[in-house]
Amino acid sequence: MARGVLAMVWSKNRQRPYEQRKGRADVLSRAAGQCQIKGPGCTRLATIDDHVVPLSLGGSLGLHNRQAACKTCHDLKTARDARSAKTAIQAKAKPPARKHPGLK
Ligand SMILES: [Zn+2]
């Protein structure tokens, strides 16, 4: 029994949470296996369950926020999302409230 619990904890730490994996088949079948992004270099064959608004930018786990994507489109979108997240973090950064004491 205890070993089963440990194995469960270990596997949860090694995989995405169940809520994130749930519905992947639904997302891919809803799009009939076709990529829904259709960006440059698209292979049309969807293999990835993509979050339209990334979780890191406040997107939800719900099916309405998910789309089928091919690897090429997903990789391009992920890179674009990472740039957006970096820009958002930089925009939140505030300048120092007062001058550094060493500056005149
Ligand atoms: Zn694609």
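Among contacts in the protein chain with a separation of 6 or more, 58% join residues 24 or more positions apart. Keep in mind that this is a predicted model, with an average pLDDT of 83 over the protein chain. Buried residues come to 12% of the 104 residues in the chain.

**Overall layout**
- The protein chain has 4 helices and 2 strands.
- Going along the sequence, you meet them in the order α-α-α-β-β-α.

**How far to trust it**
- A pLDDT of at least 70 is reached by 82% of the residues.
- Confidence bottoms out in helix α1, residues 2-14, where the mean is 53.
- At the other end of the scale sits strand β2, which has the highest confidence at 97.

**The strand pair**
- Strand β1 covers residues 48-51, and it pairs with β2 in the antiparallel sense over 4 bridges.
- One residue match to look for is His-51, whose bridge partner in β2 is Arg-66.
- Strand β2 spans residues 66-69, with Arg-66 and Ala-68 pointing one way and Gln-67 and Ala-69 pointing the other.
- Whichever way they point, these four β2 residues are all buried, Arg-66 and Gln-67 included.

**The nonpolar core and Cys-70**
- The largest nonpolar core is made of 6 residues: Cys-35, Ala-46, Ala-68, Ala-69, Cys-70 and Cys-73.
- Two of those core members, Ala-68 and Ala-69, belong to strand β2, where they point in opposite directions.
- Cys-70 is worth clicking on: leaving out residues up to four places away in sequence, it touches Cys-35, Cys-42, Thr-43, Arg-44, Leu-45, Ala-46 and Thr-47.
- Among those contacts of Cys-70 are Cys-35 and Ala-46, which are also listed in the core.

**Two odd backbone angles in one loop**
- As background, most residues other than glycine have a negative phi.
- Ala-32 goes against that habit with a positive phi near 55°, and it lies in the loop between α3 (24-30) and β1.
- Ala-32 counts as exposed because it has 9 C-beta neighbours inside 10 Å, and the cut-off for exposed is 12 or fewer.
- Arg-44 also has a positive phi, about 75°, without being a glycine, and it too is found in the loop between α3 and β1.
- With 11 other C-beta atoms within 10 Å, Arg-44 is likewise exposed.
- Arg-44 is also one of the residues that Cys-70 touches, so if you're following this loop on screen, Cys-70 is a handy landmark.

Conventions. Residues numbered from 1 in each chain as written. Predicted model: local features only at pLDDT ≥ 70, side-chain atom pairs only at ≥ 80, totals over all residues. Buried ≥ 20, exposed ≤ 12 C-beta atoms within 10 Å, placed from the backbone. Pairing = 2+ DSSP bridges. Contact = placed C-beta atoms within 7 Å. Core = buried A, V, L, I, M, F, W, Y, C linked by C-beta atoms within 7 Å. pLDDT = per-residue confidence, 0-100.
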